[in-house]
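Here's a quick tour of the model shown below, going helix by helix and then interface by interface. Keep the viewer open while you read.

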Number of protein chains: 4
Amino acid sequence: MSSVRTPDPNPGWLSDIALDETRSRVPILYVEAVPARVDALGQIEQVGVLLRGSATTGELSRTIVSGRVMHGESVRDALLRNLEKDLGPTAFPQLPAAVVPFTVAEYFPLPGVTPLHDPRQHAVALVYLVPVTGECNPRQDALELTWLTPAELLDPSVLADMEGGRGQLLKQALAWAGALP
Amino acid sequence: MSSVRTPDPNPGWLSDIALDETRSRVPILYVEAVPARVDALGQIEQVGVLLRGSATTGELSRTIVSGRVMHGESVRDALLRNLEKDLGPTAFPQLPAAVVPFTVAEYFPLPGVTPLHDPRQHAVALVYLVPVTGECNPRQDALELTWLTPAELLDPSVLADMEGGRGQLLKQALAWAGALP
Amino acid sequence: MSSVRTPDPNPGWLSDIALDETRSRVPILYVEAVPARVDALGQIEQVGVLLRGSATTGELSRTIVSGRVMHGESVRDALLRNLEKDLGPTAFPQLPAAVVPFTVAEYFPLPGVTPLHDPRQHAVALVYLVPVTGECNPRQDALELTWLTPAELLDPSVLADMEGGRGQLLKQALAWAGALP
Amino acid sequence: MSSVRTPDPNPGWLSDIALDETRSRVPILYVEAVPARVDALGQIEQVGVLLRGSATTGELSRTIVSGRVMHGESVRDALLRNLEKDLGPTAFPQLPAAVVPFTVAEYFPLPGVTPLHDPRQHAVALVYLVPVTGECNPRQDALELTWLTPAELLDPSVLADMEGGRGQLLKQALAWAGALP
């Protein structure tokens, strides 16, 4: 997922070697969030998508908020930390009252097992839709945060640009929220 | 539910006679909301409970936000309208991104069919947990809005005071939100 | 929804006149079910779609299991009754352990308010995905029950044939179940 | 959780040393299942609870179906494997159509952080309610599988016996299923 390109504030907590070793042993738990602007009735108006450049290949791709749950960290803490890491400290995300995700996303290293894949690891992500009410200022390694309407989001070219097959997560988020155009 | 004691702003849309007749024919659709104060992580700190006096018997009872979905009205519109009716215009409720309720509550006129009952009608309610961020000013027919912690809420005397057996809905709301003490 | 074309076993419980009158006063509560064949892991293999001819226009359309919740009837009873009405007595549906639907569908008489509409009424449906394990024998007024894979289901011509815009419910069901191809 | 006392069929896939090391680095992903007998309407009649003796202390405790998700294994595969491991090959569990759990359980090594704890590790479990339709034959290391009604389950002595604080998961499962007595 995105931790290579969006380093944790305290990246030293697990060395790269230890992390690689761990990744070969167990599925790694992630939290992911689809940021949304909602109206007074709670309906999605726009969804935020991050544009990023790969440090190694220079390729651009789109993604959502994503990051590991650290040892000893609660799911809620991980969700808030990663939202702040990717959207900045003034996004004011409204975390869900229940920790039940709208879907569980499974990424396998081999493409094709599921529509989702992550070449680095077997990852399992709890995925949330999170309304944000403040100003989003993505970190410098994210080139841009784009707000798209549900109709714009379902444009095949946008879906195809989503890293690791996450276009499917966007479709699931919109379907769950009753916001399929 | 509460529509007798908390009249709609436009009560004339269905006469009492027409409403009584309709109530004998089909289940009546309601929306209900458990108002909550949540922290930055989305966790419930307090739940709002309304204290009301019955116009006919003078008895006091506790309840949550509750009201009918009107003909032609969307579920979200009904939810916002009833939140404003019971909590006032400055409560700033955060309506859920998905219209899926945390539970479906079924009230039968005869007590004992389910833990919930409503002597006036067969009612089916979509029940939501709704964080509120503003000032709540319940209407005059509500004597009081009390904010209780999850532990205070589960006090048997509080649960027993909940109108129509709604103590069970409070337990379900806390269980769903992972806030059982 | 489907009650005109698939009469209830005891249609006399509410006269046509009383029903029409009621429909003009309150939203009518429905249950709907997307029947599915699932594998040992619970994954959707096929979804059942009903083909029906309209008594009045003779037009063919596709739909899912659908019917009203009657006065005094529980949501679970209504769900089982309508599954048996549309799929026959040997379908052996596996009703969900929780009465929470995967979505709430809102049908308005005027097309265009939501993607769903029902010219007869304002209806609100609790929609479930229900695995069936037995033999399905749709009643005579249903011409056919077709089992389609998720990929076949998402064919635009199939989605467009779904009565009242229910193609969207099928997409939501697949998204929720993680079965979008 | 239960992997010490209920060894995997292929326990060699991760050595004890490697597992201990991994447990100190990342949260470990589990699946857990509350087995249930349901009636034709899907309502819970009884819940299955496993009685186990600790290999090290000899103490008896109660638990639910629980086990790790292995590297490369899907959540559904892990769920089915652990159900078969704990309930035997003829339990015929009905896995859920959606992989969304009814709750996410977080176990910390230190007691008191949440109501749940696991002295061996930081574990995060996706928890499902799974109806079983066949004969359950728990493995020999489980002394007994007891079927309890919701009322029996909520007996404080039963809840207190649940390993790692899982009494709370049982309450959440019943609340979610609308089966609180």
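## Helix H2 and what follows

The buried residues of H2(A) are Val75(A), Arg76(A), Ala78(A), Leu79(A), Leu80(A), Arg81(A), Asn82(A), Leu83(A), Lys85(A), Asp86(A) and Leu87(A). Buried here stands for under 20% relative accessible area, exposed for over 50%, and partly exposed for anything in between, with a 1.4 Å probe and protein chains only. Helices and strands are DSSP runs numbered from the N terminus: H or I with at least four residues for a helix, E with at least two for a strand.

A word on ground rules: this is a predicted model, so local features need pLDDT of at least 70 and side-chain atom pairs count only at pLDDT 80 or more, while totals for chains, interfaces and linings use all residues. Residues are numbered from 1 along each chain as its sequence is written, chains are lettered from A and ligands numbered from 1 in the order in which they are written, and side-chain values use heavy atoms, with hydrogens and water left out.

Back to the helix. H2(A) covers residues 75–87, and 11 of its 13 residues are buried, so it's mostly covered. From first C-alpha to last, H2(A) reaches 18 Å, close to the 18 Å expected at 1.5 Å a residue; that expected span is 1.5 Å times one less than the number of residues. Just past the end of H2(A) sits Gly88(A), with a positive phi of about 90 degrees.

Chain C has its own H2. H2(C) has 13 residues and an 18 Å reach between its end C-alphas, again close to the 18 Å expected. Why call H2(C) largely enclosed by the rest of the structure? Because 11 of its 13 residues are buried. Among them are Val75(C), Leu79(C), Leu83(C) and Leu87(C), along with Arg76(C), Arg81(C), Lys85(C) and Asp86(C). After H2(C) comes Gly88(C), whose phi is positive too, near 90 degrees.

## Loop residues

Gly88 isn't the end of the positive phi story. Phe92(C) has a phi near 50 degrees, a positive value in a residue other than glycine, and Phe92(D) has a phi near 50 degrees as well. Phe92(C) lies in the loop between helix H2 (75–87) and strand E5 (103–107) of chain C, and Phe92(D) lies in the loop between H2 and E5 of chain D. Phe92(C) counts as exposed because its relative accessibility is 52%, and Phe92(D) is exposed with a relative accessible area of 52%.

For a buried loop residue, try Asp118(C), found in the loop between E5 and strand E6 (123–131) of chain C. It counts as buried because its relative accessibility is 3%. Asp118(C) and Thr63(C) are 55 residues apart in sequence and 12 Å apart in space, C-alpha to C-alpha.

Arg25(D) is another one to click on, in the loop between helix H1 (16–23) and strand E1 (28–38) of chain D. At 13% relative accessibility, Arg25(D) counts as buried. Its side chain reaches across to the backbone oxygen of Ala18(A) at 3.3 Å.

## Two interfaces

The size of an interface is often given as the accessible area lost when the parts come together. Here buried area is what two parts lose on being put together, summed over both, with a 1.4 Å probe. Contact means heavy atoms within 4.5 Å.

| Interface | Residues in contact | Buried area | Carbon and sulfur share |
|---|---|---|---|
| Chain A and chain C | seven from chain A, seven from chain C | about 650 Å² | 52% |
| Chain B and chain C | 30 from chain B, 30 from chain C | about 2500 Å² | 68% |

For chain A and chain C, Gln172(A), Ala175(A) and Leu180(A) lose the most area on the chain A side, together 54% of what that side buries. The rule finds zero salt bridges across the interface of chain A and chain C, a salt bridge being a side-chain nitrogen of Lys or Arg within 4 Å of a carboxyl oxygen of Asp or Glu.

How many salt bridges are there between chain B and chain C? The count is two. Arg25(C) forms a salt bridge with Glu21(B), the closest N and O atoms being 2.7 Å apart. On the chain B side, H1(B) supplies the largest share of the residues that touch chain C, at four residues.

Definitions and conventions: Polar contact = N/O pair within 3.5 Å; in protein donor to acceptor, adjacent residues only side chain to side chain.
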